[in-house]
Amino acid sequence: LLLMSDSLLPNFSVLDLSGNNITGNDASSMLRNFGEIHSDLNTLILESCPHILGKGYEEFSKALKEHLTWERKLEMLVVPDNNPEVVISLKSMWTTAWDERARTTIFANKVVFDTIPI
């Protein structure tokens, strides 16, 4: 999925994969790779990636849940709004991770999970 050296990955703070044919399995592998190298990734945009909440979602969910427990965790996640049950699950996970700072905004075709600034 990512064909970059590990030395470049920690420098990413925003990764926009919108419109790609990425699956939940792909996204879970990517999140785990960023975590292993202690990346500064804080924004992951998966808008218009309909497969992210389909096949492989369970793996993506596990990786995201793990990522949200780390000191350097995502502060913004954008996913398609094509699976209401999954969106509810993600919202719960996001709220658990960010507590009173958690914010969820639902648009026409996407859901934005972000944080309220302190």
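## His67 and its surroundings

Leaving aside residues up to four places away in sequence, His67 touches Leu31, Leu41, Arg72, Lys73 and Leu74. The model described here is a predicted one, and His67 is a useful place to begin reading it. This residue belongs to helix H2, and because its relative accessibility is 2%, under the 20% cut-off, His67 counts as buried.

His67 is one of several covered positions in this helix: the buried residues of H2 are Tyr57, Phe60, Ser61, Ala63, Leu64 and His67. Which elements do the buried residues of H2 pack against? They pack against H1, S3 and H3, and the sections below take up the two helices and then the sheet that contains S3.

## Helix H2 beside helix H1

The axes of helix H1, which spans residues 24-36, and H2 come within 7 Å of each other and cross at roughly 25°. Because angles under 35 degrees count as roughly parallel, H1 is described as roughly parallel to H2. The crossing of these two helices is left-handed.

On the H1 side, the contact is made by Gly24, Asn25, Ala27, Ser28, Leu31 and Arg32, while H2 contributes Tyr57, Glu59, Phe60, Lys62, Ala63, Leu64, Glu66 and His67. Sorted by class, the residues of the contact of H1 with H2 comprise 6 nonpolar, 4 polar and 4 charged. Leu31, listed here for H1, is also among the residues that His67 touches.

## Helix H2 beside helix H3

For H2 and H3, the axes come within 11 Å and the crossing angle is roughly 10°. That angle makes H2 roughly parallel to H3. In this contact, Tyr57, Ser61, Leu64 and Lys65 of H2 meet Val86, Ser89, Leu90 and Met93 of H3, and the residues involved divide into 5 nonpolar, 2 polar and 1 charged.

Two residues of H2 deserve a second look when the helix contacts are read together. Tyr57 and Leu64 are named in the contact with H1, and Tyr57 and Leu64 are named again in the contact with H3; both are listed among the buried residues of H2.

## The sheet

An open sheet is formed by 5 strands in the order S1-S2-S3-S5-S4, with mixed pairing. Its edge strands are S1 (14-16) and S4 (102-106), each of which pairs on one side only. Neighbouring strands of the sheet are turned by 10° against each other on average, with direction ignored.

The parallel sense appears between strand S2 (residues 43-45) and strand S3 (residues 76-80), which pair over 3 bridges, and the bridge partner of Ile45 in S3 is Val78. S3 is joined to S5 by 5 bridges, and these two strands run antiparallel; here the bridge partner of Met76 in S5 is Asp114.

## Strand S5 and the hairpin

Strand S5 covers residues 110-115, and 5 bridges join S4 to S5 in an antiparallel arrangement. How many residues does the hairpin that joins S4 to S5 pass through? The hairpin passes through 3 residues. Across this pair of strands, Arg103 stands opposite Asp114 and Thr104 stands opposite Phe113. Asp114 therefore faces a partner in each neighbouring strand, Arg103 in S4 and Met76 in S3, given that strands pair through bridges.

S5 is mostly covered, since 5 of its 6 residues are buried, that is, under 20% relative accessible area. In general, the side chains of a regular strand alternate between the two faces of the sheet.

## Loops and the end segment

Two residues other than glycine have a positive phi in the loops described here. Ser48 has a phi of about 60° although it is not a glycine, and is found in the loop between S2 and helix H2 (57-67). At 46% relative accessibility, Ser48 counts as partly exposed. Asp99, with phi near 55°, lies in the loop between helix H3 (84-98) and S4.

After S5 comes the segment that holds Pro117. Is Pro117 buried or exposed? With a relative accessible area of 65%, Pro117 is exposed. Pro117 and Asn21 are 96 residues apart in sequence, and their C-alpha atoms are 32 Å apart in space.

Conventions:
Residues numbered from 1 in each chain as written. Predicted model: local features only at pLDDT ≥ 70, side-chain atom pairs only at ≥ 80, totals over all residues. Heavy atoms only, no water. Helix = DSSP H or I, 4+ residues; strand = E, 2+ residues; numbered from the N terminus. Axes fitted to C-alpha atoms, helices over the stretch in contact; angles between N-to-C directions. Buried < 20%, exposed > 50% of the residue type's maximum accessible area, 1.4 Å probe, protein only. Parallel < 35°, antiparallel > 145°, perpendicular 65-115°, else oblique. Left-handed = near helix turned anticlockwise from the far one by under 90°. Contact = heavy atoms within 4.5 Å. Nonpolar A, V, L, I, M, F, W, Y, C, P; charged D, E, K, R; others polar.
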